[in-house]
Amino acid sequence: MDVTEDTVRGVCTDAVFERGERYLAEGRIREIHRVDTTVTAVVSGSRQYDVRVDLAADEFAPRCDCPYDGPGTCKHVVAVLLRCVDDRPPDEGARLDAALNGTDVDELRAFLREELVTDADLRDRFLARVGASTRRSVDELRTSIDRRFEERNPEYDVVFEPIDFTQWFNLANEYREQGQYASAATVYRALVESLDDNMERVDGAYDHFSSAFSRALDGYVDCVVATERDADAVTNAVKFLDERATSGTPFLAEHFERAAVELRGKAGEQSCE
């Protein structure tokens, strides 16, 4: 998209646009970088918020870890986009490419391996990218997702602000793109279980968490269906959904019931082909 005031207005409400203008004028953008069309920034509000936008994506694909859950995007994203209208940060892509091209392959491999050893999330993404299936169980993946709920408000067993689940959705999508549907289903199921078990702790940003749950549940059903007509995978998935419908968060029961019916239907269609 072209970054203009009009296109920025198109992704937020008038009130949020005015707040974003004020944030930009007040110098609340503490740090901003661009590589190719991706802009990352730190914007100061009640705390420091991480923002990311893609200047070439539809509606800029905005991400911000602030608690905003209203229509459109938040004031922090708007401030960053407005900064890019007249004062786009310099593109660091060429510098990055030059550094990569000038680095010895063995040195680059050693650096990457060091990072992969200590960063489990990066390691998962790398293995997914090269087509390796996951060796992490649903429970292991859930541990890192549950930690986000625990870290959000450690003093109280309540979650008021949105949690960014992008890294797990990106991981699942990477597996899907590589045709590793069973691995993608494992990631989606971890998200579904964690969201279901933690939903009663949520006291705000309901649309955000409900949307994440629906997205994970739909992804899970799609990937189970795509697992090479694996009858056992379908049977186990339907059993899981039925159990969650009766034992999980009450207001999510109908979603599990719907997913189980949908999965049975899709599996039946496949068996008739």
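Trainee: Which residues form the nonpolar patch on the surface?

Mentor: In this predicted model, the patch consists of V35, L96, L100, L108 and F111, which together have about 410 Å² of accessible area. Two helices, α4 (93–101) and α5 (105–118), each supply at least two residues of the patch.

Trainee: Where is L96 found, and is L96 buried or partly exposed?

Mentor: L96 is found in helix α4. A patch residue must have over 30% relative accessible area. The value for L96 is 43%, so this residue is partly exposed.

Trainee: I should like to turn to the cysteines. How many disulfides does the count come to?

Mentor: A disulfide is a covalent bond between the sulfur atoms of two cysteines. Here the count comes to zero. C64, for instance, is in no disulfide: the nearest cysteine sulfur, that of C66, is 3.7 Å away, whereas the rule requires sulfur atoms within 2.5 Å.

Trainee: Which cysteine is buried, and which is partly exposed, C64 or C223?

Mentor: C223 is buried, because its relative accessible area is 0%. C64 has 21% relative accessibility and therefore counts as partly exposed; the cut-off for a buried residue is under 20%.

Trainee: Where is T227 found, and what does its side chain reach?

Mentor: T227 is found in the loop between α10 (206–225) and α11 (231–247). Its side chain reaches the backbone oxygen of V224 at 2.6 Å. At 13% relative accessibility, T227 counts as buried.

Trainee: Leaving aside neighbours within four places in sequence, with which residues is T227 in contact?

Mentor: With those neighbours set aside, the contacts of T227 are Y181, A182 and A233.

Trainee: What is found at the start of helix α6, and what just after α6?

Mentor: At the start of α6 (residues 120–129), a side-chain oxygen of D119 comes to within 3.1 Å of the backbone nitrogen of D121. Just after the helix, G131 adopts a positive phi of about 90 degrees.

Trainee: How many helices and strands does the chain have, and what does it span?

Mentor: The chain has 12 helices and four strands. Its C-alpha trace spans about 55 × 50 × 40 Å along the principal axes. Of the 273 residues, 39% are buried.

Trainee: How should the contacts and the accessible area of the chain be read?

Mentor: For contacts, one considers how far apart the partners lie in sequence. Among contacts between residues at least 6 apart, 62% join residues at least 24 apart. For area, one considers which atoms supply it. The chain exposes about 15,200 Å², of which carbon and sulfur atoms supply 46%.

Technical notes:
Residues are numbered from 1 along each chain as its sequence is written. This is a predicted model: local features need pLDDT of at least 70, side-chain atom pairs count only at pLDDT 80 or more; totals for chains, interfaces and linings use all residues. Side-chain values use heavy atoms; hydrogens and water are left out. A polar contact is a pair of N or O atoms within 3.5 Å; within protein, one must be able to donate a hydrogen and the other to accept it, and residues adjacent in sequence count only if both atoms are side-chain atoms. Patches are made of residues with over 30% relative accessible area and no salt bridge: like charges are joined within 9 Å, nonpolar side chains (Val, Leu, Ile, Met, Phe, Trp, Tyr) within 5 Å. Accessible areas come from the Shrake-Rupley method with a 1.4 Å probe; for residues, only the protein chains shown count as cover. A salt bridge is a side-chain nitrogen of Lys or Arg within 4 Å of a carboxyl oxygen of Asp or Glu. Buried means under 20% relative accessible area, exposed over 50%, partly exposed in between (1.4 Å probe, protein chains only). Contact means heavy atoms within 4.5 Å.
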